[in-house]
There are 2 protein chains.
Amino acid sequence: MEQGEFSFIEGLKSRFSVPSGMMGIGDDCAIIPQCSSDDTLVTADMLVEGSHFLLDDITPYQLGWKSVAVNLSDIAGMGGKPVGTFLSLAIPYSMESAWMEKFMDGYQAISDRFGVPLLGGDTTASPDRLCINVTVMGSCPHGSARKRSDAKPRDLVCVSGFLGDSSCGLKVILDKLDRTSDANILIDRHYLPMPRVAEGLRLSRLEGVHAMMDISDGIGSDLRHILEASGVGATIDTSALPLSSELLSCCRDNGLDPLDFALSGGEDYELLFTMAPGTVPDIPYYVIGEITPGSSIIWKGSDKDYHGFTHF
Amino acid sequence: MEQGEFSFIEGLKSRFSVPSGMMGIGDDCAIIPQCSSDDTLVTADMLVEGSHFLLDDITPYQLGWKSVAVNLSDIAGMGGKPVGTFLSLAIPYSMESAWMEKFMDGYQAISDRFGVPLLGGDTTASPDRLCINVTVMGSCPHGSARKRSDAKPRDLVCVSGFLGDSSCGLKVILDKLDRTSDANILIDRHYLPMPRVAEGLRLSRLEGVHAMMDISDGIGSDLRHILEASGVGATIDTSALPLSSELLSCCRDNGLDPLDFALSGGEDYELLFTMAPGTVPDIPYYVIGEITPGSSIIWKGSDKDYHGFTHF
């Protein structure tokens with residue numbers, strides 16, 4: 001397609017009027033009020049062989065795990081609790097059933113870990129490539145979902161964990177870099193991400209936590225979504241970004257800049273949130289900057305302008 | 001994959017325990033109780049280029065329409081009201097944006113017709129084939145969803161409209177038969193199915209309506225799902241099957257047996273339901289047989305044993 005993902009999605013939004021009280025396209029999840037006490041959250045992700053994964057590197061177990069993880073991360077990004085998953089699979093004629101069982105082993109492992117059952121979906125045939133769509137339904141107390149649009153000037157900008165590990169792991173895979181023990185940990189972070197569901201739930205109980213989302217495209221891109229939705233700017237101290245020892249070691253070994261991964265790399269699946277000064281989250285977190293009035297973003301300690309990763 | 005869709009799905013069911021009160025895999029939709037008054041229904045369908053549709057015959061408008069229609073039909077099959085749709089698209093790099101806009105025209109037309117907004121999804125790139133997944137969320141009063149498992153001996157077996165039109169339309173397309181005006185009506189029934197949402201809602205308000213589902217694989221197959229889930233049998237009078245004049249005319253023109261399409265053809269998207277004798281639905285319907293004790297199915301007026309269409 002000639003145009004990018006974002007302009008196509010903008011076009012979609014303009015076609016549909018969303019009933020009052022609901023929230024449609026434009027955040028980690030849609031929000032659908034159910035009764036006076038609860039809201040339903042819905043998110044979906046599609047993964048296509050050759051575009052999102054290569055079957056000769058990722059294992060079926062990892063792929064099954066990751067298919068669920070990326071969606072649970074969207075539920076976490078709103079502060080929701082996952083309720084059930086729906087799996088659509090287009091399976092190549094040539095695919096062995098043993099491979100699909102291992103895929104389901106990974107799918108089941110993460111589902112069990114987060115206590116969320118598979119409730120439905122579709123299974124069909126594909127002429128060649130494997131295509132996977134997972135839709136996850138979640139819930140939260142009415143009005144408690146954390147949106148991208150709620151950041152306020154003077155809020156602290158925070159993340160829930162290390163940035164850049166996953167994308168550096170991908171670099172190791174694609175460029176066939178040395179698979180040291182540190183590099184293998186980064187690869188695991190890429191293939192077996194751990195969505196921050198419990199952390200998102202805890203944060204959503206704190207009134208001082210304002211905007212929140214999961215980091216899927218790199219904070220260089222994802223932070224912009226929060227700033228645009230909230231009509232604010234930010235100053236980020238790049239020296240405050242949490243970097244793992246594995247990332248630092250792998251970058252040192254290969255002459256790479258860890259900040260490139262931490263800011264522009266994708267698929268961290270950590271939480272990015274803003275909170276009023278004085279808020280004390282009961283999870284590990286790192287303050288990386290501050291929300292400012294206006295709309296500009298300043299990366300202190302770096303002369304680059306960071307953008308995120310796009311799947312399109 | 002060596003094994004068929006059904007055994008793979010049976011394996012999936014055994015992996016996950018579904019929380020009490022919910023219903024997972026095995027009916028038209030999953031059922032998730034929300035509060036004391038309402039249940040949420042969820043269904044998903046995946047369509048892959050080359051397996052479910054060929055881009056050189058179906059128009060983008062028709063494909064957009066049909067992607068929603070097949071899911072609304074599942075909501076209708078439970079007697080639910082659609083609430084919102086979630087569209088995941090893997091779009092080939094080479095796809096023109098004008099084509100996608102026409103796809104969305106069809107998607108929007110049926111969405112507007114049934115008053116159901118697009119609320120989310122995913123848009124991503126595919127190396128070659130177009131892949132579409134639509135998930136639809138619906139709702140119904142708590143406990144009112146009509147399942148496959150509720151047929152009772154002596155129930156009348158009914159359908160909401162003509163059978164076989166869609167699959168005969170597909171035959172015209174695939175075998176390049178004469179596109180008479182009658183044949184074109186059958187092709188429209190194939191490409192622009194009209195889900196029986198209002199009819200399903202009306203039926204679900206009648207206590208005498210027991211089992212219900214939509215007809216997607218042909219009643220030869222779909223009726224078996226009801227019989228197996230309910231632990232009953234049926235006698236079907238094949239002379240009572242509602243056949244359109246267009247189907248009869250097209251079959252006469254081409255030396256085809258209309259019963260083959262009516263019983264084994266797929267994608268009618270009519271409702272198949274059973275009801276206690278004396279129930280008076282306020283929709284057009286046709287009585288085609290009766291539920292019996294036991295588990296056998298007798299096709300009166302035919303010497304064939306009918307099975308449905310499978311996408312696998």
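This is a tour of a predicted model, going from the two chains to their aromatic rings, helix packing and a few backbone details.

Because the model is predicted, local features are taken only at pLDDT of at least 70 and side-chain atom pairs only at pLDDT 80 or more, whereas totals for chains, interfaces and linings use all residues. Residues are numbered from 1 along each chain as its sequence is written, chains are lettered from A and ligands numbered from 1 in the order in which they are written, and side-chain values use heavy atoms, with hydrogens and water left out.

**The two chains**

Begin by displaying chains A and B together: a turn of 180° with a shift of 0.0 Å along the axis lays chain B on chain A with an RMSD of 0.0 Å, the superposition being by least squares on the C-alpha atoms of residues with pLDDT of at least 70 in both copies. The two copies are thus related as by a two-fold rotation axis. The same surface serves both copies, since 100% of the contact residues of chain B recur in chain A, contact meaning heavy atoms within 4.5 Å.

**Aromatic rings**

Over all chains the structure holds 10 aromatic pairs; rings of Phe, Tyr and Trp (its six-membered ring) pair if their centres lie within 6.5 Å, and planes under 30 degrees apart count as stacked, over 60 as edge-to-face and the rest as tilted. Select A:W99 and A:F103, whose ring centres are 6.3 Å apart with planes at 15°, so that the pair is stacked. These two residues are four apart in helix 3 (residues 97-113) of chain A, a separation of about one helical turn; helices here are DSSP runs (H or I, at least four residues), as are strands (E, at least two), numbered from the N terminus. Both A:W99 and A:F103 are buried, a term for under 20% relative accessible area, with over 50% exposed and partly exposed in between (1.4 Å probe, protein chains only).

Add A:Y107 and B:F16 next, an edge-to-face pair with 6.2 Å from centre to centre and 90° between the planes. Because A:Y107 lies in helix 3 of chain A and B:F16 in the loop between helix 1 (5-15) and strand 1 (30-33) of chain B, this pair joins two chains. Both A:Y107 and B:F16 are buried. Then select A:F16, B:W99, B:F103 and B:Y107, which ring pairs link into a cluster.

**Helix packing**

Now show helix 2 (residues 60-77) of chain A beside helix 3 of chain A: they pack at an angle of about 40°, with their axes 6 Å apart, axes being lines fitted to C-alpha atoms, for helices over the stretch in contact, and angles running from 0 to 180 degrees between N-to-C directions. The two helices are therefore oblique to each other, given that angles under 35 degrees count as roughly parallel, over 145 as roughly antiparallel, 65 to 115 as roughly perpendicular and the rest as oblique. Among the residues of helix 2 that meet helix 3 are A:W65 and A:L72.

Move to helix 4 (165-174) and helix 5 (181-191) of chain A, whose axes come within 7 Å and cross at roughly 110°. Helix 4 of chain A and helix 5 of chain A are therefore roughly perpendicular to each other.

**Helix 8 and the backbone**

Helix 8 (residues 245-254) of chain A has the buried residues A:E246, A:L247, A:S249, A:C250 and A:C251, which pack against helix 4, helix 5 and helix 9 (258-264) of chain A. Just after helix 8 comes A:G255, with a positive phi near 65°.

Finally, select A:E267, which has a positive phi of about 65° although it is not a glycine, in the loop between helix 9 and strand 9 (271-275) of chain A.
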